[in-house]
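Here are my notes from going through the coordinates. Have the model open while you read, and tell me where you disagree.

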Amino acid sequence: PPCSGRLQAHDAAMSCCGCCSEVKWNEELYVSRKKRGCTDILCLGLLVAAWVGMGALVGVSISREPDLLLRLLYPEDDYGQFCGRRGTEVHSLPKKLFPDLDGDFQKKAEMLATLQYYEYYKIITDLTGICVDECPDGTSLSEP
């Protein structure tokens with residue numbers, strides 16, 4: 001019987017599945033390790049090419065706009081200073097405050113009403129901002 005407990009190597013593929021017929025070894029299903037080639041070389045090449053492409057993209061971006069990394073790490077005030085950056089006059093002022101937020105939004109009301117949501121970054125870059133040590137405890141847009 002096929003499930004007698006003593007399985008031959010060619011029966012391992014269908015071991016004790018309840019089939020009545022004997023399983024014959026099929027060379028197309030199994031290829032020995034010695035006959036197989038490395039199939040991951042193409043994938044490794046594509047991965048390395050993607051890394052090189054991302055590195056090139058970062059290099060071009062930084063060369064075109066050197067302050068790009070600083071803008072990602074530190075908020076920038078209206079004077080072009082990066083709040084909290086070491087070695088600058090505003091090192092001790094790590095936070096950015098928007099003192100005239102209501103006035104800025106009133107000036108940009110038409111733009112706010114017509115822009116798509118993914119273009120709001122255009123408004124954020126035009127807001128009045130200054131570097132401060134701590135944010136105020138409470139602010140009111142209706143009564144500043």
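1. Start with R71: its relative accessibility is 40%, and because anything between 20% and 50% is called partly exposed, that is its class. Keep in mind that this is a predicted model. R71 makes a salt bridge with E65, with N and O 2.2 Å apart. A second salt bridge runs from R71 to E76, where the closest N and O atoms are 3.1 Å apart.

2. Both acidic partners of R71 are partly exposed too: E65 has a relative accessible area of 35%, and E76 comes in at 24%.

3. Now for the other end of the salt-bridge list, which has three entries in total. K95 and E134 pair through their side chains at 3.7 Å, N to O. K95 sits in strand 1 and E134 in the segment after strand 2 (130-132), so this contact ties together parts that are 39 residues apart in sequence. As for exposure, K95 is partly exposed at 33%, while E134 is exposed at 54%. Back on the R71 side, shared partners join E65, R71 and E76 into one network.

4. Which residues line the largest pocket? They are R71, Y74, E76, D77, D78, K96, F98, Y121, I124, T125 and L127. By class that makes five nonpolar, one polar and five charged residues. The space inside is about 240 Å³. Note that R71 and E76 are in this lining and also form a salt bridge with each other.

5. On the surface, have a look at the nonpolar patch formed by L44, L47, V48, W51, V52 and M54. Together these residues have about 600 Å² of accessible area. L47, one of them, belongs to helix 1 (residues 41-64) and is partly exposed, with a relative accessible area of 38%.

6. Is C83 buried or exposed? C83 is buried, with a relative accessible area of 1%, although its place is in a loop, the one between helix 2 (68-73) and strand 1 (95-97). L93 lies 10 residues from C83 in sequence, and the two C-alpha atoms are 5.8 Å apart.

7. Last, the overall picture. The chain has five helices and two strands, in the order α-α-β-α-α-α-β along the sequence. Of its 144 residues, 10% are buried, and C83 is one of the buried residues.

Note on methods:
Residues numbered from 1 in each chain as written. Predicted model: local features only at pLDDT ≥ 70, side-chain atom pairs only at ≥ 80, totals over all residues. Heavy atoms only, no water. Patch = residues over 30% accessible without salt bridge, like charges linked within 9 Å, V, L, I, M, F, W, Y side chains within 5 Å. Areas by Shrake-Rupley, 256 points an atom, 1.4 Å probe, with all protein chains shown as cover. Salt bridge = Lys/Arg side-chain N within 4 Å of Asp/Glu carboxyl O. Helix = DSSP H or I, 4+ residues; strand = E, 2+ residues; numbered from the N terminus. Buried < 20%, exposed > 50% of the residue type's maximum accessible area, 1.4 Å probe, protein only. 1 Å grid on protein atoms, 1.4 Å probe; cavity = no way out; pocket = protein on both sides within 12 Å on 5 of 7 lines; lining within 4 Å. Points joined across faces, edges and corners; volume = space filled by probe spheres on them. Nonpolar A, V, L, I, M, F, W, Y, C, P; charged D, E, K, R; others polar.
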